[in-house]
Amino acid sequence: MLVSMDAEELAARWRERLESWAIPDEILAKAVADPWSHSPERFGTRTDRALAEPDDGPTMTRLAEALPDKGTLLDVGSGPGASSLPLHERIGHLYAVDTSASMLEGLTSRADKLGVPVTTVEGRWPDVAGRVPVADVTVSAHVVYNVPDLAPFLRALDDHTQGRVVIELPHRHPMSWLTPLWQHFHGVDRPVRPIAEDCVALAAAMGFPVQVEERESPPGTFHLAGGAGPERLPPGVPRPLAGRGGRRDRDGAGHVADAARPLGHHLVGITGGAGTLSSMSP
């Protein structure tokens, strides 16, 4: 239940703005693959890198200081565990929620090797919240831009957490950097909102004592090579951009790179720009 009319309005605005990011039907129909799908292999590589090179940024810092030794951690939208498994030495039991069975399999495999007891729940939050116990600490990283109904999502996170909830998200929609390419290839203007401040405003209106920390995103690297097919495009490039005229184009990645260079976009090391950490503490 929302605590004020302002929260209701902010929640409705979030949904409307997020829905405006839908890909036009006539473009989506020509896509050679699901433009919103995520690669378990790529996310697995990111998780392995996070385990090999622990991040000392605000997300891990706030989680570590709030998680009791051998405490319970809930990871919502866990993927293979990049935002939870780096804390493996402190975790007594990990509860991981994700819509992808493949992502959860990757997390389970890594958790077993690290000696972390884990329970996985496949499904969408908060639909599956009843299958998860209350945890000491909760993390949800890079998820909220996939959540149209943000208010119940946040409320369920709080209801299932004794201590701190940490939410990590980029300042802008993760597909924002592609806006000039949409205009170049399809003549389509992409939205600007919602942004991180919209999430923070809603959480505050719901009564959460929100604390915000910002930092530059850690660098990531991908490369586009001429001749790469759409399946080789870097993370975040919607597949409708891969070909011209809706045809499968084995040089699609090269065309995207060629178009991006004069538009001022380096297609190396793009991870979404500055990120915002929203830490909701009791």
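Is H142 buried, exposed or partly exposed? H142 is partly exposed, with a relative accessible area of 40%. The notes below take up this residue again, along with other local features of what is a predicted model.

1. Backbone at H142 and K70. H142 belongs to the loop between β4 and α6. Its phi is near 55°, a positive value in a residue other than glycine. K70, in the loop between α4 (58–66) and β1, also has a positive phi, near 60°, and is likewise not a glycine.

2. Aromatic pair. The count of aromatic pairs comes to 1. W14 and Y145 form this pair, which is stacked, with 5.8 Å from centre to centre and 25° between the planes. W14 lies in helix α1 (residues 5–19) and Y145 in the loop between β4 (137–141) and α6 (150–159), so the contact ties together parts that are 131 residues apart in sequence. W14 and Y145 are both buried.

3. Strands β2 and β3. Strand β2 (residues 91–98) runs parallel to strand β3 (residues 118–122), and 5 bridges join the two. Within this pairing, D98 stands opposite E122 in β3. Between the strands the chain passes through helix α5 (residues 101–114), giving a β-α-β crossover that is right-handed.

4. Helix α5. With 14 residues at 1.5 Å a residue, α5 should span 20 Å; the C-alpha atoms at its ends are 20 Å apart, so the two values agree. M103, L104, G106, L107, R110 and A111 are the buried residues of α5. They cover an arc of only 155° around the axis, and therefore lie on the same side of the helix. E105, D112 and K113, on the other side of α5, are exposed.

5. L87. This residue is in the loop between β1 (71–76) and β2. Its relative accessible area is 9%; the cut-off for buried is under 20%, so L87 counts as buried. Its C-alpha atom is separated by 9.0 Å from that of P54, and the two residues are 33 apart along the chain.

6. Cis peptide bonds. The bond from W125 to P126 is cis, with omega near 5°; P126 is in the loop between β3 and β4. The bond from R193 to P194 is cis as well, with omega near 5°. P194 is in the loop between α7 (179–186) and α8 (196–205).

7. Charge over a ring. R190 places its charged end over the ring of W182, at 4.8 Å from the ring centre.

How values were computed
Residues are numbered from 1 along each chain as its sequence is written. This is a predicted model: local features need pLDDT of at least 70, side-chain atom pairs count only at pLDDT 80 or more; totals for chains, interfaces and linings use all residues. Side-chain values use heavy atoms; hydrogens and water are left out. Two strands pair if DSSP finds at least two bridges between them. Helices (H or I, at least four residues) and strands (E, at least two) are DSSP runs, numbered from the N terminus. A crossover is right-handed if, with the strands pointing away from the viewer, the path from the first strand over the helix to the second runs clockwise. Rings of Phe, Tyr and Trp (its six-membered ring) pair if their centres lie within 6.5 Å; planes under 30 degrees apart count as stacked, over 60 as edge-to-face and the rest as tilted. Buried means under 20% relative accessible area, exposed over 50%, partly exposed in between (1.4 Å probe, protein chains only). A charge sits over a ring if NZ of Lys or CZ of Arg is within 6 Å of the ring centre and within 35 degrees of the ring normal. The expected span of a helix is 1.5 Å times one less than its number of residues. The arc is that of the directions from the helix axis to the C-beta atoms.
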